[in-house]
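Visitor: I have a structure to look at and some loose questions about it. Can we go through it together?
Guide: Yes, here it is.
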Amino acid sequence: MLEVKGLNAWYGESHILHGVDFEVRDGEVVTLLGRNGAGKTTTMKSIMGLVPRREGSVRYNGTETVGLAPNFIAKAGIAFCPEERGIFGSLSVSENLMLPPIVAPGGLSVDEIYTLFPNLRERAGTSQGTKLSGGEQQMLAIGRILRTGAKMLLLDEPTEGLAPVIVQQIGRTIREIKARGFTVLLVEQNFRFAATVADRHYVMEHGRIIDMIPNAQLEANMDKLHDYLGV
Amino acid sequence: MFTILGIPGPLLFGQLLLGVINGAFYAMLSLGLAVIFGMLNIINFAHGALFMMGAFVSWMLLNYLGIGYFPSLILSPLIVGVFGLVLEKTIISRLYKLDHVYGLLLTFGLALVIEGLFRNAYGSSGMPYRIPDALQGATNLGFMFLPNYRGWVVLVAIVVCLATWAIIEKTFLGARLRAATENAPLVQAFGVDVPRLITLTYAGGIALAAFAGVLAAPIYSVNPNMGSSFINTVFAVVVIGGMGSIMGSIVTGFGLGVIEGLTKVFYPQASATVIFLVMVIVLLAMPRGLFGKAV
Amino acid sequence: MTGFSRVQMIGVALMVALIVLAPSVLYPVFLMKVLCFALFACAFNLLIGYVGLLSFGHAAFFGMGSYVSAWTIKHWGITAEVAILLGGATGAALGLVLGWLAIRRQGLYFAMITLALAQMVYFFCLQAPFTGGEDGIQQVPRGKLFGIVPLESDMTIYWLVAFVFLAGFLLIHRIVHSPFGQVLKAIRENEPRATSLGYRTNDYKLIAFVLSSMLAGIAGGTKALVFGIATLTDVHYSMSGEVVLMTLLGGLGTIFGPVMGALVVTAMENYLAQFGAWVTVTQGVIFMVCVLAFRRGIIGEIGAKLKVTL
């Protein structure tokens, strides 16, 4: 479904990604693991076209997206939930929810999103999206991209800085949307959380993919993983 | 004849009305500047020149094509708005990756070109634009005679300002605009055509300036310098209000017009400088402006 | 002179030679106009080129300097050098007040505030009795240098103007290459960082602003003496625009750029004066071309071609 080959990316003079290769198959949940600065977030932004310069190939359902502007990549059916969540303070909660345009049929209805995140229904009238708690903002950030009908979701550290009970709820949500047929690429620092939702894990270091571990073999590779992540 | 604080009532109300009318133009112009600044991060120095162009286009429509005031009120902003659209597409869009001062310098040059061209073609003396028949005459309000056209300008300006506010604060399109002002790349990554949104914003702000120009044509004579005499004051208005809030721009614009009008009554010598003095006081007391956010 | 590179030394020598030789080829009055504007542009460049502050109100300092020099030499009968220095003092004092207000905001707001404050000065000059309103101060005598040397001859005052220009030019160079100037550059590159290093950046910006407005005042005062007139044109915001144009065209942040820009713009205006508003159109076009395609300016481009800093 998503095929990344030889992806390079630059911020100004600094060369961040040095030929990233991986793929995400239809209906899978795949994580990118790695230390800080390994290039996980840059990989996500490069897929979305949000870096100043990129080269290589990112094919989505066979369509080459390198060279497309971000809005066309979104229209192709990839939705992005950024690190720090990207909730808009000048928009109300419901405006935040309705902001991303529908790109394809098959997205969740607003009602289904509220069923998934009951807290949001209560807070829908809040005038500033940023007045929500961190957990609620994260739910809003995920909820709004479920509406669009995009089948490929990029979630950048959705559990960062959240309380354990919220992290569990995010985990349930990811399993739920996987069950509904969405495909998810997840950036995580927390591989214990990743293990509860993902099918496969790619490990990044210095702007490259250095290993791939199927979730079933995670236990067996624990030592190696500790070594990669420096924990 | 009655007096207030020793000032004859008609004089006081007359100047107040003039103040409100000036304030209406300040509000419409600073509103456009603020919206453009929010999306493009550019101070549109050409705003005054495009205001002037709005007045001139309505004059040309009348004198060359016989198209009257009311159709002009729609046509002239459309024509100048399309001009703004072309400007953004061809020239201004090249600046987004540069330091913001280049936007100021470029639009300053643009203002010189536009004003110079009109001065070459029409001289500096100015040409009259007749008040439309439907709005001739005056109405006795009891305490003063209100020239109908001036009442119309105030009314229309308030409606247009509030409509602009409502579009930005209350509509779906406005929500996209506000979001793009906060974080344009993310909005684009959601599938919104942000470059087109930027073009439309610029064209919209320009159309608003041109609309103000059409309103101004029968009040001030139509002349190439009518914009530049306004724009410097409007910059002070923008500094006073801060550019973070739409309603703030409207309130500041009208409020300063009123202050200017009152100054004309009580201390005429300071009427040209009073807005700048207010700016100094605001800078000292609240440097971010009355409605400003941190910039 | 310390601080100049070899190439810059050659540039300075060339410039001095041209200043000395030019009056035998060109009208001294035209050359003096160029030199006054060159000093004005160098003063402006001190702010935008080395501190990164875009002042859109420098006409206030130039114009007030011009008025004060003209008025004092006409009504007090003081000597020429004192009149020019009074113009500079006026620029500095006004710069202290306006700069103190303007540095409260940064970036584009700074530009708008300086523009608005200068507009206030313009309206003040329009109404104040001593400026002569629309007529300006006319028939200003050139006076005598040190009370001894009469300046009525164009060639005599030419040497005074040349001296004033060179002194200002070298002073700016000294400022830029002093430890103080290094801090200014640090502020231009990254103000928060300069603040975190313990520099009171606002103090530095204000001092630079005052120095720049002082030199602008000197340029204005000198011009008033040369032409025997001080008018509203000198305080009008289009004058602020003109000095921006000269500096941009010559090359922001270059040593010789403002001088080159002043020469080209003044020559162009002299040539185009007969065509009325085409001067304005041409200025506007130059602005736009510079911003879109020629941001290094004439001297900046030459420097880039030769791979030297000019």
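Guide: One term to start with: a residue is called buried under 20% relative accessible area, exposed over 50%, and partly exposed in between. Also, this is a predicted model.

Visitor: Fine. Is A:Glu112 buried, exposed or partly exposed?
Guide: A:Glu112 is partly exposed, because its relative accessible area is 31%.

Visitor: What does A:Glu112 form a salt bridge with?
Guide: The partner is A:Arg180, and the closest N and O atoms are 3.2 Å apart. A:Glu112 belongs to helix α4 (residues 110-116) of chain A, while A:Arg180 is in the loop between α7 (164-179) and β8 (183-188), so the pair ties together parts 68 residues apart in sequence. A:Arg180 has a relative accessible area of 40%, so A:Arg180 is partly exposed too.

Visitor: Why do such side chains pair at all?
Guide: Side chains of opposite charge can pair when their charged atoms come close.

Visitor: How many salt bridges are there over all chains?
Guide: The search finds 20 over all chains. One of them joins A:Arg123 and A:Glu136, at 3.1 Å from N to O. Here A:Arg123 is in helix α5 (residues 118-123) and A:Glu136 in helix α6 (residues 134-146) of chain A, so this pair ties together parts 13 residues apart in sequence.

Visitor: And are those two buried or exposed?
Guide: A:Arg123 is partly exposed at 27% relative accessibility, whereas A:Glu136 is buried at 10%.

Visitor: What about B:Arg130 and B:Asp133, how do their side chains meet?
Guide: They meet in a salt bridge, 2.9 Å from N to O. B:Arg130 counts as exposed at 54% relative accessibility, and B:Asp133 counts as exposed at 59%.

Visitor: Which residues are linked in a network of salt bridges?
Guide: In chain A, a network links A:Glu23, A:Arg25, A:Glu28 and A:Arg200.

Visitor: Change of topic, cysteines. How many disulfides are there over all chains?
Guide: The count is zero. A disulfide is a covalent bond between the sulfur atoms of two cysteines.

Visitor: Why is there no bond for C:Cys36?
Guide: The closest cysteine sulfur, in C:Cys42, is 12 Å from the sulfur of C:Cys36, and that is too far for a bond; the cut-off is 2.5 Å. C:Cys36 is buried, with 3% relative accessibility.

Visitor: And C:Cys125, why no bond there?
Guide: For C:Cys125 the closest cysteine sulfur is in C:Cys36, 18 Å away, which is again too far. C:Cys125 is buried as well, because its relative accessible area is 0%.

Visitor: Staying with chain C, does the length of helix α12 agree or disagree with its 16 residues?
Guide: It agrees. At 1.5 Å a residue, the 16 residues (278-293) should span 22 Å, and the end C-alpha atoms are 22 Å apart.

Visitor: Which residues of α12(C) are buried?
Guide: Among them are C:Val279, C:Ile286, C:Phe287, C:Met288 and C:Cys290.

Visitor: What do the buried residues of α12(C) pack against?
Guide: They pack against α10 (237-250) and α11 (257-272) of chain C, and also against α4 (100-122) of chain B.

Visitor: So chains B and C touch. Which pair of chains has the most contacts?
Guide: Chains B and C do, among the two pairs that touch. Chains A and C have no contact, and their closest C-alpha atoms lie 17 Å apart.

Visitor: On to the surface. Which residues make the nonpolar patch?
Guide: The patch is made by B:Ile158, B:Leu162, B:Met247, B:Val251, B:Met286, B:Leu290 and B:Phe291, and it covers about 550 Å². Both α5 (148-170) and α9 (246-266) of chain B supply at least two residues of it.

Visitor: Where does B:Phe291 lie?
Guide: B:Phe291 is in the segment after α10 (274-285) of chain B. At a relative accessible area of 35%, B:Phe291 is partly exposed.

Visitor: Last one: what is the phi of A:Glu84?
Guide: The phi of A:Glu84 is positive, about 65°, although A:Glu84 is not a glycine. A:Glu84 is in the loop between β6 (78-81) and α3 (93-98) of chain A, and counts as exposed at 62% relative accessibility.

Technical notes: Residues are numbered from 1 along each chain as its sequence is written. Chains are lettered from A and ligands numbered from 1 in the order in which they are written. This is a predicted model: local features need pLDDT of at least 70, side-chain atom pairs count only at pLDDT 80 or more; totals for chains, interfaces and linings use all residues. Side-chain values use heavy atoms; hydrogens and water are left out. Helices (H or I, at least four residues) and strands (E, at least two) are DSSP runs, numbered from the N terminus. The expected span of a helix is 1.5 Å times one less than its number of residues. Buried means under 20% relative accessible area, exposed over 50%, partly exposed in between (1.4 Å probe, protein chains only). Contact means heavy atoms within 4.5 Å. Patches are made of residues with over 30% relative accessible area and no salt bridge: like charges are joined within 9 Å, nonpolar side chains (Val, Leu, Ile, Met, Phe, Trp, Tyr) within 5 Å. Accessible areas come from the Shrake-Rupley method with a 1.4 Å probe; for residues, only the protein chains shown count as cover. A salt bridge is a side-chain nitrogen of Lys or Arg within 4 Å of a carboxyl oxygen of Asp or Glu.
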